[in-house]
Amino acid sequence: WSGKENKLIDSEPKKLFTPLPVLFVTGVLQKDKKITGVYASPAYRVKKRTGLNFICTFDLRTEDPVTKWVMRGVCLLCTID
C-alpha cells in the first residue's frame, strides 16, 4: 500500500506484510459504486484464510489489473500473530 499515492502497489522485496491506514467505511448505492480501478480485497480475522475467518471485502484503489492481485493472494488481515 502506498500512503502517498493512496493506492495498492507492489510491496518491497521480501516484505510479506504492509500496514494499511485506518479505513473509512461508509455505505454507497450499487449504481454509484466504482467497478474499474479497484480491487475487492477480502479481509480475514487471522492469517488462516478460511470461511470462518472471513469478514468482508474492501475496495482498494489500484492501477494494475485485478488479476495481478488475485494471483498474488493479496488480502487484508486484522492480525498477523
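## Close-up views of a predicted model

**View A. Lys7 and its two salt-bridge partners.**
Lys7 counts as buried because its relative accessibility is 9%, below the 20% limit for that word. Keep in mind that what you see here is a predicted model. Which residues does Lys7 pair with in salt bridges? One is Glu5, where the closest N and O atoms are 3.1 Å apart. Another is Glu63, whose side chain meets that of Lys7 at 2.9 Å, N to O. This second pair links distant parts of the chain: Lys7 sits in the segment before β1, while Glu63 is in the loop between β2 (54-61) and α1 (66-72), 56 residues away. The partners also sit in their own surroundings: Glu5 is partly exposed because its relative accessibility is 42%, and Glu63 is exposed because its value is 64%.

**View B. A salt bridge between Arg72 and Asp10.**
The side chains of Asp10 and Arg72 come together in a salt bridge, with 2.5 Å from N to O. Asp10 belongs to the segment before β1 and Arg72 to helix α1, so this pair ties together parts 62 residues apart in sequence. Is each partner buried, partly exposed or exposed? Arg72 counts as exposed because its relative accessibility is 52%, whereas Asp10 is partly exposed because its value is 39%. Look around the pair as well: Asp10 and Arg72 belong to a network of salt bridges that also links Asp64 and Lys68. How many salt bridges does a search of the whole structure find? The search finds 6.

**View C. Trp69 and the largest nonpolar core.**
In soluble globular proteins, nonpolar side chains tend to be buried together. Which residues make up the largest nonpolar core of this model? The core has 6 members: Leu8, Tyr39, Ala43, Leu60, Trp69 and Leu76. Now follow Trp69 outwards, leaving aside its neighbours within four places in sequence. Trp69 is then in contact with Leu8, Ile9, Asp10, Tyr39, Thr62, Asp64 and Val74. Two names in that list, Leu8 and Tyr39, are fellow members of the core. Two others, Asp10 and Asp64, are also part of the salt-bridge network of View B.

**View D. A nonpolar patch on the surface.**
Nonpolar residues can be found on the outside of this model too: Leu16, Phe17 and Ile80 form a nonpolar patch on the surface. Together the three have about 320 Å² of accessible area. Phe17 is located in the segment before β1 (38-44). Phe17 is partly exposed because its relative accessibility is 35%, which lies between the 20% and 50% limits.

**View E. Ser2 and what it touches.**
Ser2 is another residue in the segment before β1. Is Ser2 buried or exposed? Ser2 counts as buried because its relative accessibility is 9%. The Ser2 side chain reaches the backbone nitrogen of Glu5 at a distance of 3.1 Å. When neighbours within four places in sequence are left aside, Ser2 is in contact with Lys7 and Ile9. You met Glu5 and Lys7 as salt-bridge partners in View A.

**View F. Arg45 in the loop between β1 and β2.**
Arg45 lies in the loop that runs between β1 and β2. Arg45 is partly exposed because its relative accessible area is 46%. Which residues does Arg45 touch, not counting those up to four places away in sequence? They are Leu52, Asn53, Ile55, Cys78 and Thr79. For Ile55, 10 residues from Arg45 in sequence, the C-alpha to C-alpha distance is 6.9 Å.

**View G. Two residues with a positive phi.**
Most residues other than glycine have a negative phi. What is the phi of Asn6? Asn6 has a positive phi of about 55°, although it is not a glycine. Lys14 is not a glycine either, and its phi is positive at about 65°. Asn6 is in the segment before β1, and Lys14 is placed in that segment too. Their surroundings can be compared: Asn6 is partly exposed because its relative accessible area is 45%, while Lys14 is exposed because its value is 89%.

How values were computed
Residues are numbered from 1 along each chain as its sequence is written. This is a predicted model: local features need pLDDT of at least 70, side-chain atom pairs count only at pLDDT 80 or more; totals for chains, interfaces and linings use all residues. Side-chain values use heavy atoms; hydrogens and water are left out. Patches are made of residues with over 30% relative accessible area and no salt bridge: like charges are joined within 9 Å, nonpolar side chains (Val, Leu, Ile, Met, Phe, Trp, Tyr) within 5 Å. Accessible areas come from the Shrake-Rupley method with a 1.4 Å probe; for residues, only the protein chains shown count as cover. A salt bridge is a side-chain nitrogen of Lys or Arg within 4 Å of a carboxyl oxygen of Asp or Glu. Helices (H or I, at least four residues) and strands (E, at least two) are DSSP runs, numbered from the N terminus. Buried means under 20% relative accessible area, exposed over 50%, partly exposed in between (1.4 Å probe, protein chains only). A nonpolar core is a set of buried Ala, Val, Leu, Ile, Met, Phe, Trp, Tyr and Cys residues joined through side-chain atoms within 4.5 Å. Contact means heavy atoms within 4.5 Å. A polar contact is a pair of N or O atoms within 3.5 Å; within protein, one must be able to donate a hydrogen and the other to accept it, and residues adjacent in sequence count only if both atoms are side-chain atoms.
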